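Hi,

Here is the structure I promised to pass on. Have a look at it first, and my notes on what turned up follow below.

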Amino acid sequence: MIVHVALSIPIAKTFSYSTPEERKFFVKPFSRVAIPFHNRILTGFIIDIEEKDDPGLKVISDIIDIFPLIDGKIARLCKWASLYYITPIGMVLKYALPQTLQVEKYISVRSLSSCASALEGVSLKKAYKNPGKDTIFQFLQEGLIELRDVFADKVFEPYHETVRTKEDSEKRLYIGDIESRLAYYMTCISELINKGRNVLMLLPDYYAAGKFYHKIFAERFKNNVIWYGSAIKTKTRMDAYFKARNGTGFLILGNKSCIFLPIPDLSLIIVERQEEDEYRNEEGFNFNANILALRLAETEHIPIIFGSASPSMEMYKHGEEGKFIVVGKKQQIDKKYSVVLMEKGLAAQPVLPDKLITAIGDAVQKSKNIAVFTPRRGYISHIRCLECKRTFLCPLCEGVLGLHKQENMLVCSICNKSFDYESKCVYCGSNLIRAANVGAEYIEEKLKALFTDSHIINITGETIKYFRKTISDISDGRRLTLVGTQSLSKIYGMHINKLIFVGWEELVRMAGYRSEEKMFQIFMNLLDILTPEEIYFFMDKKLAVNPARFFDLERFYTEELKKRKAAEFPPYVRFFLIDVEKKGEKAGLKILEKINMILEQEGLTEYLTGPMKQKNKGCYRWKLILKGDEKLFQNALLSIYGLSGVRIEADPMSI
DNA sequence: GAAATAGAACAT
DNA sequence: TGTTCTATTTCA
């Protein structure tokens, strides 16, 4: 028997091996096998099986799974993701199983016949050691033992697929504020949980949104709520995995990888704030969990709800085109706000304007909660000399150097190497140097110096996990001043009196073609979660925008979509970034030549922009962009994928 | 992705 | 002609 095996290596082809006759019973599509590969043993997935024999082939080392852990619905999703994201199927499948999965540790043996009685209650892992895997496989095949999953205390067996009909499924886009969203989710979830059906809900993170929802749902549904994802211990994660696999009436919460869970009778998928970039996976293979959620819902006829105060352009477009039923109330902000124009923004001159200090001082005095939004999280991310007019660059890779406050060191933004900082120009020695691009840490420090008896707290992606602890520590009734990035909009359940935007308009420069969309989402989510009474915008005169444009959701989306359509940008077209990195220029040009040849053969050169040449880390780097449908590029990109020093990114964040 | 192998650049 | 670093090939 020949098996064709997909490996998690960047090659889009399978490798063939022969299988020993006695293991034939356990050869199933999508089971994992250990195979000899280039002097080592690798784990791969069986993709195809052939009855014939070929004595020239190497023999597999082991069959790892008793039955495949990838069921039909996940297999279909993985195959699709492999093509949509131009990633070899083996890499996708590897990601679809928990990285820490050791099934045999959590499975126990039950004896069904006297000749296997010695094995009663033994863990599968132990049984594999003694009497050995061969014997266990044989016992299983002959029905002398059965396996039980220790978490759910049920028979461990392949899942039965629930076939759903088209009529069951409905795709909904809920646009509305957090309160109404939560109420809507709650109604939909309880209806199903009470009937013993399972619900999957995707959340943008664990520490803020995750904990908020987990707490609320756990109060209502008790032990039937489980978190599956990162930030928890292996054993808890495995417990969640097996419960999801066997559960009835469960609400499973997770971030990205939960989309690959083998949940039986999955009756609803909810994605909270699907526009968040945290749904994008960047390790192993690149995907966006809400794209996969939508695909799963469509092909398996599972109802899905995308809920948000500010959906992505793509989801909104689906709503407009009738692909979704749009529910909820579209936000129309009816709030007063003040705009303060600054001669120079904080990006150019790191001086907090007087009016900002007054605005904060006033609120502090009246004992109000304040939040200050700023787009960067760090202290200083850019320093330049006023005499020789040069920016501090990394001597090794020419990346921009930023200043880290605690260690007083210059740190390269690209290679992360650090250097001593001596408060003078690294090139001409002048003392006339100026910080630019200051971030939340810098503003926090300045405010702390000004308002010594106020609680000033930094809220960024890194610090948010400690925030809950901090707020409960405060018992003297003093109010809070929060300084942070867009993570501020993750503090669900927090009420702020005064919300101040400092440098919000700089996103125009920072977020590429999505800048306006990002500005809208940050603005809308901050208002949604923090519910401020007063809003201030401190903007650089040269970059200033009129905030009124962002107050009417429908108008904003309609205009933005029109622009995107005219410019042929996502969501009307997809981008594929081809990133070539080589030590030598010659080697790089050779690769570019090859890429060009492949594209020419497929007649795709008209979709190509670039190459744009860059030099960093002492390497040469070229960026090429293909603009079009993935189906056009699949063949070409999969062969380009295999070239050395080439990385392909579907739907890159910034162009 | 990583080991094996081929190639280039430099020193002896 | 050996040594070392870099690029390329190949894996069943």
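A quick definition before anything else: I call a residue buried if 20 or more other C-beta atoms lie within 10 Å of its own, exposed if 12 or fewer, and partly exposed in between. Please also keep in mind that this is a predicted model.

That cut-off decides the case of D651, which is buried because 20 other C-beta atoms lie within 10 Å. D651 sits in the segment after β32 (646–650), and its phi is near 50 degrees, a positive value in a residue other than glycine. D265 has a positive phi too, near 55 degrees. You'll find D265 in the loop between β12 (251–254) and β13 (266–272); it has 19 C-beta neighbours inside 10 Å, so it counts as partly exposed. For background, most residues other than glycine have a negative phi, and most peptide bonds are trans.

On that last point, there are cis peptide bonds to look at. One runs from N130 to P131, with omega near 10 degrees, and P131 lies in helix α3 (residues 124–141). Another joins P570 and P571, with omega about 5 degrees; P571 is in the loop between α14 and β29 (574–582).

Now to α14 itself. Does its length fit, and which way does it face? Helix α14 covers residues 553–567, and at 1.5 Å a residue its 15 residues should span 21 Å; the end C-alpha atoms are 21 Å apart, so the two agree. Its buried residues are L553, F556, Y557 and R564. They cover an arc of only 90 degrees around the axis, which means they are on the same side of α14. The general rule behind this is that an α-helix has 3.6 residues a turn, so residues three or four places apart point the same way. The buried residues pack against α8 (313–320) and α13 (515–530), while the face turned away from them carries the exposed T558, K562, K563 and A566. Just after α14, E568 takes a positive phi of about 55 degrees.The DNA is next. Around strand B you'll see I9, P10, I11, H38, N39 and R40, and the residues of that surface divide into three nonpolar, two polar and one charged. Strand C is surrounded by 15 residues, of which the closest are F15, S16, K58, K583 and G584. The elements giving two or more residues to this surface are β2 (15–18), β3 (32–37) and α15 (585–601), with the largest share, three residues, coming from β2. By type, the surface near strand C splits into seven nonpolar, four polar and four charged residues.

As for the interior, the largest nonpolar core has 164 residues, and those with the most contacts inside it are L251, I252, I269, A293 and I500. Helix α13 gives the largest share of this core, nine residues. A second, separate core has eight residues, including V109, A116, I136 and F139. If you want one residue to click on, try I269: leaving aside residues up to four places away in sequence, I269 touches L200, A293, L296, A297, I302 and I304.

Lastly, S423 is in the loop between β23 (418–420) and β24 (433–438), and S423 is exposed, with 9 other C-beta atoms within 10 Å.

Cheers

Key:
Residues numbered from 1 in each chain as written. Chains lettered and ligands numbered in written order. Predicted model: local features only at pLDDT ≥ 70, side-chain atom pairs only at ≥ 80, totals over all residues. Near = placed C-beta within 6 Å. Nonpolar A, V, L, I, M, F, W, Y, C, P; charged D, E, K, R; others polar. Helix = DSSP H or I, 4+ residues; strand = E, 2+ residues; numbered from the N terminus. Expected span 1.5 Å × (residues − 1). Arc of directions from axis to C-beta. Contact = placed C-beta atoms within 7 Å. Core = buried A, V, L, I, M, F, W, Y, C linked by C-beta atoms within 7 Å.
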